[in-house]
Amino acid sequence: MRVANIDGRLALGRADGYLDVAGASGGRFGPDPQAAFADWDAFARWAQEYLAAAPDDPATSLDPGAGAVRGAPVPRPAQVFAIGLNYRDHVAEAGLQIPEEPAVFTKFPTSLTGHGQSVTLPEGLVDWEAELVLVIGRHCHRATRANAWSHVAGLTVGQDLSERRLQLTGPAPQFSLGKSYPGFAPTGPELVTLDEFADPDDLELGCMLEGGEVLQKSRTSNMIFDVPELIVRLSAVCPLLPGDLVFTGTPAGVGGARTPQKFLAPGDILITWVEGVGTLRNPMRGS
Ligand code: ZN
C-alpha cells in the first residue's frame, strides 16, 4: 500500500493514480495526512479493504497533475530522530571510529518538505545524505529486536540535507541545527507499507544530481545498527509515537568527504532513491 500527501490531502495509491481518503471513507478518516496516524492500524485495515473492494471508484480520484503539491507523507511528526555514522564506509570517509552507540540527533519538523519541492540554499556548504526513513505506526517503548519491525507503518525516502559549517561548529557540533534549515528534510514521494517488500532490511539506496554522476549508492544491509537495533536503542529511552520519523543514516559519498569537496549549488536537481520505495526529486535554488 502506498500513502501520499497530495495538495495537503491524505491520498492512497492505486493503479491509475490516487484516491482521496476523506471522500472514499465518507469522512471516517479526515483529509489531513497526519490523521492516518491517530489510529494507523484502523486506517491500514480500512485502506486494504477499500482497495480490494472498490479499486477503480472514479468518484474518489485525486489528480496529482503537474500543478499538484506533493507534501511530506508525514507533515507534522511529533518527533524526528536521525542517526549519524551508521554505515561503515561513511564512518571511514569521515575519518572516525565505528561507534559503539548510535549517534542520535533530530531534524526539527519545520525542515520537512516533499517530492518536487525546491530547497532554498542558505549561506554555507550544503551537502547531501540519501537515507531510508522509517515511519512509526504503533506506540513503541522498550521494543525488542523480535518485535521492532511491528511498530513500523512503512518506509519513505529521505534526504538529510546538512549545512556543514554550522553542523561542525564547535566546541560541541551542532548536528540538529545545521540539518534543520527549511526544506532540509525532503521525504516522500510516498509512504510504502512493509508488505510491499521481500526484505526491508536490504534495499539499495542512493542519490545523484540530475544529468550527472551517481553520488551515493549502497544497500541498507550495510548499516552498522540495523533497523531493529535502532528501534530497540531509541525506544529504550524515548517512547516512539505513531507518525514519528527515523532517518537511519547515510552511506559513503557525501560531498564534504570528497577531494576536492563538492556541495550543492543553485540549479542542481537532487535525485534520491530507495529501492521499492521511490524516487525524490528536489531542485536547489539560491537565497
Ligand atoms: Zn544523515
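Me: Is Glu131 buried or exposed, and what is its relative accessible area?
Reply: Before anything else, this is a predicted model, where local features need pLDDT of at least 70, side-chain atom pairs count only at pLDDT 80 or more, and totals for chains, interfaces and linings use all residues. Residues are numbered from 1 along each chain as its sequence is written, and side-chain values use heavy atoms, leaving out hydrogens and water. Buried means under 20% relative accessible area, exposed over 50% and partly exposed in between (1.4 Å probe, protein chains only). Glu131 counts as buried because its relative accessible area is 1%.

Me: Which residues coordinate the zinc ion?
Reply: Donors are N, O and S atoms within 2.8 Å of the metal (3.2 Å for Na, K and Ca), and water is not among the atoms, so sites may look incomplete. Here the distances run from 1.9 to 2.1 Å, and each donor is a side-chain oxygen, OE or OD. That gives you Glu129, Glu131 and Asp160.

Me: What spacing do the donors of the zinc ion follow along the chain?
Reply: Two of the donors are Glu129 and Glu131, and the other is Asp160. Read along the chain, the pattern is E-x1-E-x28-D.

Me: How buried is Glu129, as a relative accessible area?
Reply: Glu129 coordinates the zinc ion through OE. It counts as buried, because its relative accessible area is just 5%.

Me: Where is Phe29, and which residues does Phe29 touch?
Reply: Phe29 is in the loop between α1 (21-24) and α2 (40-53); helices (H or I, at least four residues) and strands (E, at least two) are DSSP runs, numbered from the N terminus. Phe29 is buried because its relative accessible area is 9%. One of its contacts is Phe43, 14 residues away in sequence and 7.6 Å away in space, C-alpha to C-alpha. Leaving out residues up to four places away in sequence, and taking contact as heavy atoms within 4.5 Å, Phe29 touches Val21, Ala22, Ala42, Phe43 and Trp46.

Me: Why is helix α6 largely enclosed by the rest of the structure?
Reply: Helix α6 covers residues 227-235. Its buried residues include Val227, Pro228, Glu229 and Leu230. They pack against β6, β7, β11, β12 and β17. The helix is largely enclosed because the number of its nine residues that are buried is eight.

Me: What is the strand order in the five-stranded open sheet?
Reply: Two strands pair if DSSP finds at least two bridges between them. The pairing in this sheet is mixed, and the edge strands, each pairing on one side only, are β9 (119-120) and β16 (214-219). Walking across, you get β9-β19-β18-β15-β16.

Me: Do β9 and β19 run parallel or antiparallel?
Reply: Two bridges join β9 to β19, which spans residues 278-285. Thr120 stands opposite Arg285 in β19. The two strands run parallel.

Me: What is the bridge partner of Leu205 in β16?
Reply: Strand β15 (residues 204-209) and β16 run antiparallel, with five bridges joining them. Across from Leu205, in β16, sits Ser218.

Me: Which residue in the turn between β18 and β19 has a positive phi?
Reply: β18 (residues 269-274) and β19 run antiparallel with six bridges, including one where Thr272 partners Leu280. The two strands form a hairpin with three residues between them. The turn residue, with a positive phi of about 80°, is Gly276.

Me: Where does Leu85 lie?
Reply: Leu85 isn't a glycine, yet its phi is positive, about 55°. Its place is the loop between β6 and α3.

Me: Is Arg142 buried or exposed, and what is its relative accessible area?
Reply: Arg142 is in the loop between β11 (130-136) and β12 (152-159). Its phi is near 55°, a positive value in a residue other than glycine. Arg142 counts as exposed because its relative accessible area is 61%.

Me: What is omega for the cis peptide bond from Gly170 to Pro171?
Reply: Pro171 lies in the loop between α4 and α5 (175-178). The bond from Gly170 is cis, with omega near 5°.

Me: In which strand does Pro189 lie?
Reply: The peptide bond from Gly188 to Pro189 is cis, with omega near -5°. Pro189 belongs to the strand that spans residues 185-193, β14.
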